[in-house]
Structures are given as C-alpha cells and as structure tokens.
Amino acid sequence: RVTATKQYELLPVDFAIARGVVVPAGGYRDEIVDASYNVAPRRMVSGSASASYGSFYDGTRTTAGYAGRVGVSPHFALEPSLTFNWVRLPYGDFDASLIGMRVLVSPTARLGFSSLTQFNPSADSLTFSVRTRWEYSPGSDLYVVYSDGRNTASGLLSSLQTRSFATRGRRLLRF
C-alpha cells in the first residue's frame with residue numbers, strides 16, 4: 001500500500017518537540033508519502049513493515065517501522081514493534097525511537113495475561129505493564145493491571161518515575 005497525504009497544522013504556541021528543539025508557533029503544511037507491506041494475520045508469523053518520508057514543521061521526517069506477531073501456539077504469542085524517526089528541522093535535528101514487545105498468554109478462553117514493555121531511548125524511559133483478564137461468567141470480567149515506568153538516563157533500571165495498580169470489574173445483568 002502506498003499513500004500520499006497533505007495536511008495542515010496550526011500551532012498556537014511554541015512547541016518543544018525534543019530536548020533542545022522548539023518548533024515556533026505558526027501554520028505548517030506537510031506532504032507525506034507512506035508505504036507499507038502487510039503479511040496475512042492468519043499466518044504463524046505476520047506483521048506490517050512501513051516507511052514514510054515527507055515535510056515536517058518546515059523540515060523533513062523519515063520514518064521506518066515494523067509491528068508483527070509470532071503465534072507460537074494458540075495460547076501464546078509475541079508481538080514485537082519497532083519505530084524509528086529521523087527528523088531534520090531548521091530549529092534542530094533529532095532521532096526518536098520506540099522499541100516494544102507484547103507477550104500474550106491465554107491458558108483458556110476465559111483467562112488471559114498480557115504484558116507490554118516499551119523502551120524509548122530518546123526520552124530515557126522504560127515502561128512495563130502486565131494485565132490479567134478473567135471472564136468469571138459470560139459477559140462479566142475482572143481486569144487487574146500493574147504498570148511501572150522508569151528513567152533510564154543513568155542505567156537501564158535506574159529510577160522509578162511511575163507505578164500504578166488498577167482493577168476494573170464488569171458484571172452483565174440480564175433481566
């Protein structure tokens with residue numbers, strides 16, 4: 001698939017897009033060409049590879065990415081993802097990357113576990129979350145989620161930024 005897009009964005013105030021790079025307020029017209037290739041999701045290994053190039057805040061942005069799925073078994077899958085951006089602007093240049101991995105485990109149709117780990121080297125952050133979903137009766141579920149975010153500026157697991165624990169329940173009432 002190949003697409004071409006024209007868009008307009010109005011920034012009412014200056015915008016800090018990266019460390020040391022500030023985009024001034026004003027109107028920006030961008031033209032982007034995007035190409036992607038998808039492998040059928042029914043296969044054991046599937047995914048989408050993409051690349052784009054175009055104007056971006058009076059400069060250019062080149063992007064490459066991959067999002068995939070490896071279905072190891074009907075009850076276990078891995079979903080890697082990679083995104084790389086190379087941005088060249090009159091106000092400064094920067095690169096931004098995001099590397100992620102989702103792990104899905106479904107021992108039964110009514111119980112599932114998933115985890116997501118993402119590393120953003122340009123923002124010095126590592127985030128991790130794990131979620132449990134239990135359908136205790138048809139149409140009724142219980143979710144339990146734990147999340148952790150860390151600053152990696154001085155080492156991979158150096159300082160905790162955020163931590164959360166959440167639950168959500170839903171009960172189907174039939175009349």
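A residue counts as buried when its relative accessible area is under 20%, as exposed when that area is over 50%, and as partly exposed in between. By that rule D141, at 1% relative accessibility, is buried. The model shown here is a predicted one, and this briefing follows its charged pairs, its cavity, a patch on its surface and some points along its backbone. A search of the whole structure finds 10 salt bridges, and by the rule used for cavities the count comes to one of 30 Å³ or more.

**The salt bridge between strands 6 and 7**

- Side chains of opposite charge can pair when their charged atoms come close.
- One such pair is R69 and E79, which form a salt bridge whose closest N and O atoms are 2.5 Å apart.
- Because R69 lies in strand 6 (residues 59–73) and E79 lies in strand 7 (residues 76–89), this pair ties together parts that are 10 residues apart in sequence.
- R69 is partly exposed because its relative accessibility is 34%, and E79, at 21%, also counts as partly exposed.

**The network around D141**

- The side chain of D141 meets that of R133 in a salt bridge, with a distance of 3.2 Å from N to O.
- While D141 is buried at 1% relative accessibility, its partner R133 counts as partly exposed, with a value of 22%.
- D141 also meets the side chain of R170 in a salt bridge, and here the distance from N to O is 2.5 Å.
- This second pair links distant parts of the chain, since R170 belongs to strand 12 (residues 159–170) and D141 to strand 11 (residues 140–151), and the two residues are 29 residues apart.
- R170 has a relative accessible area of 42%, so R170 is classed as partly exposed.
- Through salt bridges that share partners, R133, E135, D141 and R170 are joined into one network.

**The cavity and its lining**

- The largest cavity holds about 50 Å³ of space.
- Its lining is made up of I32, S52, Y53, G54, S55, F56, R61 and T63.
- Strand 5 (45–56) and strand 6 each supply at least two residues of this lining, and strand 5 gives the most, with five residues.
- When the lining residues of the largest cavity are sorted by type, three are nonpolar, four are polar and one is charged.
- Glycine counts as polar in this sorting, whereas isoleucine, tyrosine and phenylalanine count as nonpolar and arginine counts as charged.

**A nonpolar patch on the surface**

- M44, V45, Y66, L82 and I99 form a nonpolar patch on the surface, and together they have about 410 Å² of accessible area.
- Among these residues, Y66 lies in strand 6, and at 30% relative accessibility Y66 counts as partly exposed.

**Positive phi angles in two loops**

- D58 has a positive phi of about 65 degrees, although this residue is not a glycine.
- The place of D58 is in the loop between strand 5 and strand 6, and D58 counts as exposed because its relative accessibility is 57%.
- D124 is likewise not a glycine, and yet D124 has a positive phi, in this case of about 50 degrees.
- D124 is found in the loop between strand 9 (111–120) and strand 10 (125–137).

**Separations between points on the chain**

- T5 lies in strand 1 (residues 2–11) and is partly exposed, with a relative accessible area of 35%.
- T5 and R131 are 126 residues apart along the chain, and their C-alpha atoms are separated by 36 Å.
- L78 lies in strand 7, where L78 counts as partly exposed at 27% relative accessibility.
- L78 and G92 are 14 residues apart along the chain, and a distance of 37 Å separates their C-alpha atoms.

Terms used: Residues numbered from 1 in each chain as written. Predicted model: local features only at pLDDT ≥ 70, side-chain atom pairs only at ≥ 80, totals over all residues. Heavy atoms only, no water. Salt bridge = Lys/Arg side-chain N within 4 Å of Asp/Glu carboxyl O. Helix = DSSP H or I, 4+ residues; strand = E, 2+ residues; numbered from the N terminus. Buried < 20%, exposed > 50% of the residue type's maximum accessible area, 1.4 Å probe, protein only. 1 Å grid on protein atoms, 1.4 Å probe; cavity = no way out; pocket = protein on both sides within 12 Å on 5 of 7 lines; lining within 4 Å. Points joined across faces, edges and corners; volume = space filled by probe spheres on them. Patch = residues over 30% accessible without salt bridge, like charges linked within 9 Å, V, L, I, M, F, W, Y side chains within 5 Å. Areas by Shrake-Rupley, 256 points an atom, 1.4 Å probe, with all protein chains shown as cover.
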